[in-house]
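Work through the exercises below with the sequence and the model side by side. Try each task before reading its solution.

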Amino acid sequence: MHTKTMRHSASIWDGEVGQSNCIDVVHWEGDITPEQLANVANQMSGEWHMIDMQLDPAHPLHGNAYHLRRLSEDEYEEAEYQKRKAAFEAKYAGKRVWVHGFHLEVDEAAGTEQPFFYDVMFSTLFITLGDIEALCDKHYGEGVWDEYSLYLDDKLPTPLEIDF
């Protein structure tokens with residue numbers, strides 16, 4: 001049987017499978033991503049917590065247990081952050097960047113934050129954000145800097161030449 005004609009199903013539960021109530025059962029033919037399946041569950045009920053998937057008996061992986069757990073809001077935000085971070089790192093990997101670190105002065109009474117940039121910028125080949133943070137520790141001091149800005153080497157203005 002061809003995988004595009006296999007008929008799969010999933011039970012949508014309002015808690016852990018076996019310890020809750022089944023909200024509904026859905027069927028589909030062919031492949032579906034976990035994100036697509038979660039979207040279907042969201043359309044059916046905002047109360048779902050677990051999806052129990054059953055593959056077509058003709059599928060070579062039939063009989064294995066597949067569960068899709070709904071992410072908590074914190075887990076979802078962390079997953080989205082990790083996707084954006086990975087995309088950013090892939091886009092800039094191997095490019096020369098300038099790093100400008102700063103710390104934030106907080107005025108508790110006024111409820112404001114004012115960035116104070118360090119006089120020194122440094123240049124490096126970008127690999128990961130973790131590498132940039134380690135270099136900030138090295139150049140500015142561990143626990144001293146709060147944030148940094150990155151500038152691509154070709155986006156910086158031409159430096160001024162000053163005669164002393």
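Helices (H or I, at least four residues) and strands (E, at least two) are DSSP runs, numbered from the N terminus. Two strands pair if DSSP finds at least two bridges between them. The model is predicted: local features need pLDDT of at least 70, side-chain atom pairs count only at pLDDT 80 or more, and totals for chains, interfaces and linings use all residues. Residues are numbered from 1 along each chain as its sequence is written, and side-chain values use heavy atoms, with hydrogens and water left out.

**Exercise 1. Work out the strand order and the edge strands of the 3-stranded open sheet.**

Step 1. Read the order: 6-5-7. The pairing is antiparallel.

Step 2. Look for strands that pair on one side only. These are strand 6 (112-125) and strand 7 (147-152), the edge strands.

Step 3. Take the pair of strand 5 and strand 6. Strand 5 covers residues 96-107 and pairs with strand 6 over 11 bridges, in the antiparallel sense. One bridge sets V106 against E113 in strand 6.

Step 4. Add the helix. Helix 3 (residues 129-140) packs on this sheet and touches strand 5, strand 6 and strand 7. Touching rests on contact, meaning heavy atoms within 4.5 Å. The direction of helix 3 makes about 100° with that of strand 6. For such angles, axes are lines fitted to C-alpha atoms, for helices over the stretch in contact, and angles run from 0 to 180 degrees between N-to-C directions.

**Exercise 2. Do the same for the open sheet of 4 strands.**

Step 1. The order is 2-1-3-4, with antiparallel pairing.

Step 2. Strand 2 (22-29) and strand 4 are the edge strands, each pairing on one side only. From one strand to the next, the twist averages 20°.

Step 3. Helix 1 packs on the sheet. Helix 1 touches strand 1, strand 2, strand 3 and strand 4, and its direction makes about 135° with that of strand 2.

Step 4. Follow the bridges. Strand 1 (residues 7-13) pairs with strand 3 (residues 50-54) over 5 bridges, antiparallel. Within strand 3, M53 stands opposite A10, and D52 stands opposite S11.

Step 5. Cross to strand 4 (residues 66-69). Strand 3 joins strand 4 through 4 bridges, again running antiparallel. D52 has H67 as its bridge partner in strand 4.

**Exercise 3. Describe the largest pocket and the second largest pocket by volume and lining.**

Step 1. Fix the terms. On a 1 Å grid over the protein atoms alone, a pocket is an open set of points where a 1.4 Å probe fits, with protein on both sides within 12 Å along at least five of seven lines; lining residues have an atom within 4 Å of a point. Grid points are joined across faces, edges and corners, and a volume is the space filled by probe spheres set on the points.

Step 2. The largest pocket holds about 330 Å³. Its lining has 13 residues, with P34, E35, A38, L71 and Y76 closest to the centre. Helix 1 (34-44), strand 4 and helix 2 (73-92) each give two or more residues to this lining.

Step 3. Sort that lining: 7 nonpolar, 1 polar and 5 charged. Here Ala, Val, Leu, Ile, Met, Phe, Trp, Tyr, Cys and Pro count as nonpolar, Asp, Glu, Lys and Arg as charged, and the others, Gly among them, as polar.

Step 4. The second largest pocket has about 210 Å³. Its 13 lining residues include H8, W28, I32, M53 and L55, which lie nearest the centre. The split is 8 nonpolar, 4 polar and 1 charged.

**Exercise 4. Decide for H103, H59 and H139: buried or partly exposed?**

Step 1. Set the cut-offs. Buried means under 20% relative accessible area, exposed over 50%, partly exposed in between (1.4 Å probe, protein chains only).

Step 2. H103 lies in strand 5. H103 is partly exposed because its relative accessibility is 22%. Beyond neighbours within four places in sequence, H103 contacts Q114, P115, F116, Y118, V144 and D146.

Step 3. H59 sits in the loop between strand 3 and strand 4. At 17% relative accessibility, H59 counts as buried. With neighbours within four places in sequence left aside, H59 contacts M6 and H8.

Step 4. H139 belongs to helix 3. Its relative accessibility is 40%, so H139 is partly exposed. H139 and G101 are 38 residues apart along the chain, and 9.0 Å separates their C-alpha atoms.
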